Amino acid sequence: MHKEKPEIRIILGSVLAIFAIFLVLPMGYLAFQSISVDGGGWGLSNYIETLSSKKFFVAFGNSFLVSGLSAILTTILAFFLAYTVNNTTLPTGIKKFIGGLTIAPMFLPTITYGFVIIYSFGKEGLLTQLLGFQLFDMYGFNGMLLGYVIYTLPIAFLLINNTFQYVDKNFAIVSRIMGDSPIQTFLCTSVRPLVGTLGAAFIQSFTLSFTDFGIPASIGGQFDVVAIHLYNEMLGAIPNFASGSTIAVLMLLPSVISIALISYLERYNFRYNKISKQEIKSSPSRNFICAFGSLILLSSIVAIFAVMFVVPFVQHWPYNPTFTFDNVIRLLGSPNLTNIYWNSLLVAALTALLGTVLAYSAAILTARSELSAIWRNIVNSIALVTNTIPGMVLGIAFLFAFSGTSLQNTFLIIIICNAIHFFTTPYLMGKSSLEKMNKGWESTASLMGDSWLKTMFRVVIPNSISTILEIFSYYFINSMITISAIIFLVGARTAVLTTKIKELQHFAKFDEIFVMSILILLTNIVVRVVISLITQRKHVQ
C-alpha cells in the first residue's frame, strides 16, 4: 500500500475502517455470542440445542417450502413480463407502463403487503365483498406465498429484463429459417440465453423471501418461519440471546450457498460478440397473449393494493363505507405521526448521503485508482460479504456489538446499519459506471499538472453525476421501506414509519397503518421522479 497516492490511502483506510468497525466487529460479536455458553466458556452446545429443536426445524422447513415455491412462481412471471417488454411489438408506451407497474411494489415496505392481503382477501375484505365469496384463507402459507411473489417480482423482473436487452434477436430469424418449430425457436432463442439469469432470479427471489421479516410478521399466523422464530427468540416474552444468535448465524447458510450457485450459473450466460438491432417480427397472437396476460397479472396486483387507498377514506370499513377525509386529516394532524414521518425522512436522507459517499468512494478505489490487486479484491470481497448477510442478522449483530455504547438507541446506528446493509448494489452501480468512462482522463490530467484527487472532482465525478443520483435514490428508497435490519435497533425516540407500522399491528389500527404506507409510497415516488428528471436534464445537457 506504500506505493499508492496519499489521498488513495486515506480513502482506502477510511472505507476499511468503517467496515472493520461496523461489519467485521458486529459479525464477530454475533459469532462469539453463538458459541458462548453459561459459565463464561464457549462451545457448540447452542448449535446442538438449536439443531435438536423441533420448532426450529419446522420453521426452517416452512421457510424453505414457501420461499422455494414463491421463487419458482416469481421467476416464471418475471420472465413472462420481461418477454412481453422485449420480444413483442406492442407500443412503447404500453411496454413502459408494464415495466413501471411491475416495479411499483418496491416503493412499499413488505410489512404492508400482508395487511393489504388481509384487507383484500379476508372475510370482510374488499375483493371478498366484490366477489361475494372468500377466495382462500389468507393467513399462513397462502398469504405468505402471495406476498413473497409480489415482493420479489420487481427484483426478478429487473434482472431478467436487463439480460433480455442483450439477447441477439437475429438468432430467432436463423432458427425459423432452419425450420425449427415455434416452441423450439422460443426455447433456443429466448429461454436458453437466459438460463444463468433465470437461475440468478430464482436464487435472489428465494433468498429475499427466506430472510424477509415484514410479510410473515403481518400475515404469518400460525405458519412459523425462521425470520419470525428469530424475532421471537430475540424480542419475545423471554429473550434467549444465545439461541437467537445461533439462529442468526444459521440464517447465513442459504445466502452463502446462493452466492456459490450464482457464480456457478455464470457459465451458462451467453456472450455475444455483437448485438444486432434486428426488428422483432410482428405476431398479433403473441402480442395479444402477452398483453392480455400482463394486464391480468398487473391488474391483480393493483387490485390487492387498492384497499390501501380505500380503508383510510371511509368512516369504518367494512360496516360504514361512507367516503370521508376525516380519518386522514385527523391522522396527518397527529404530532406523533408527523414526528415519526420526519424521523423516517431524516434517516433515509442521511443514509442516502452517507451510503452514497461510502459506495462511490469504494467504487472509485477499484475502478479509477492505481490500487494494487490485493486491495481491490478486499474491497470487492466486502461487497460480496454484505450481499450475503440478511438484514435481520446484521441488525442482531449491531444489537450485540453496540448495546451499552453511546450509539445505542440513536439515529446514527440506524443510519450506519442501513448504509452497510444496502452497500452492495450501489457499489456495483458506481463501479460499473466508472469502469465504462475514458481510462485516459487521469493520464491527461496528470500531464497537465492536476492531482488524482483534483481529477476526480473536476472530471470523473461530474461525468458520473447520474450514477451518483441513482445511488442516492436507491439508498433513500430502501431506507424508507426497510424493517428487518432496524427492528432490533430503534427506540421510542428513534421510531420510523416501518417500525411504527409493526407496533400498530398489535392495536389493529389499520387506518394509521395504511396512511403511513401511503406516505412512504408517495415519498418514494416523489424522490424517484425528481431524481429521474434531474438525470434526464443532465443527459440533455
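The paragraphs below lead through this structure from the whole chain to single helices and then to single residues.

The model is predicted, and for that reason local features are described where pLDDT is at least 70 and side-chain atom pairs count only at pLDDT 80 or more, whereas totals for chains, interfaces and linings use all residues. Residues are numbered from 1 along each chain as its sequence is written, and side-chain values use heavy atoms, with hydrogens and water left out.

The secondary structure of the protein chain consists of 26 helices and two strands, where helices (H or I, at least four residues) and strands (E, at least two) are DSSP runs numbered from the N terminus. The chain has 541 residues, of which 53% count as buried; buried means under 20% relative accessible area, exposed means over 50%, and partly exposed lies in between, with a 1.4 Å probe and protein chains only. About 25200 Å² of the protein chain is exposed, and carbon and sulfur atoms supply 66% of that area, the accessible areas being computed by the Shrake-Rupley method with a 1.4 Å probe and, for residues, with only the protein chains shown counting as cover. Among contacts with a separation of 6 or more, 80% are between residues 24 or more positions apart, a contact being heavy atoms within 4.5 Å.

Helix α1 covers residues 6–35, and its 30 residues reach 41 Å from the first C-alpha to the last, close to the 44 Å expected at 1.5 Å a residue; the expected span is 1.5 Å times one less than the number of residues. A kink of about 35° in α1 is centred on A20, where the bend at a residue is the angle between axes fitted to the seven residues ending there and the seven starting there. The buried residues of α1 include I8, I11, L12, V15, F19 and F22.

Helix α7 (residues 141–164) can be read in a similar way: with 24 residues, α7 reaches 32 Å from its first C-alpha to its last, close to the expected 34 Å. In α7 a kink of about 35° lies at L153, shortly before the proline P154. Because 18 of its 24 residues are buried, α7 is largely enclosed by the rest of the structure.

One residue that touches this helix is T74, which has its place in helix α3 (residues 54–86) and is buried, with a relative accessible area of 0%. Although T74 and P154 are 80 residues apart in sequence, their C-alpha atoms are 9.1 Å apart in space. Not counting residues up to four places away in sequence, T74 touches Y148, V149, T152, L153, A156 and S205. G68 also has its place in helix α3, and G68 counts as buried at 13% relative accessibility. From G68 to F202 there are 134 residues in sequence but 8.3 Å in space, C-alpha to C-alpha, and, leaving aside neighbours within four places in sequence, G68 is in contact with S63, F202 and F206.

Helix α15 (residues 284–306) has 23 residues that should span 33 Å at 1.5 Å a residue, and its end C-alpha atoms are 32 Å apart, which agrees. Among the buried residues of α15 are N287, C290, S294 and L297, and the buried residues of this helix pack against α3, α4 (92–103), α5 (110–121), α6 (126–131) and α7.

Further along the chain, T410 lies in the loop between α19 (391–402) and α20 (411–421), and T410 is buried, with a relative accessible area of 16%. A polar atom of the T410 side chain lies 3.4 Å from the backbone nitrogen of I413. Not counting residues up to four places away in sequence, T410 touches R493 and T494.

The structure also holds two salt bridges, a salt bridge being a side-chain nitrogen of Lys or Arg within 4 Å of a carboxyl oxygen of Asp or Glu. In one of them, the side chains of R528 and E470 meet at 2.7 Å, N to O. This pair links distant parts of the chain, since R528 is in helix α26 (residues 510–540) and E470 in helix α24 (residues 465–481), 58 residues apart. R528 counts as partly exposed at 22% relative accessibility, and E470 is partly exposed at 25%. In the other, the side chains of K500 and E503 meet at 3.1 Å, N to O. Because K500 and E503 are three residues apart in helix α25 (residues 497–505), they are separated by about one helical turn. K500 is buried, with a relative accessible area of 11%, while E503 counts as partly exposed at 37%.

How values were computed:
Polar contact = N/O pair within 3.5 Å; in protein donor to acceptor, adjacent residues only side chain to side chain.
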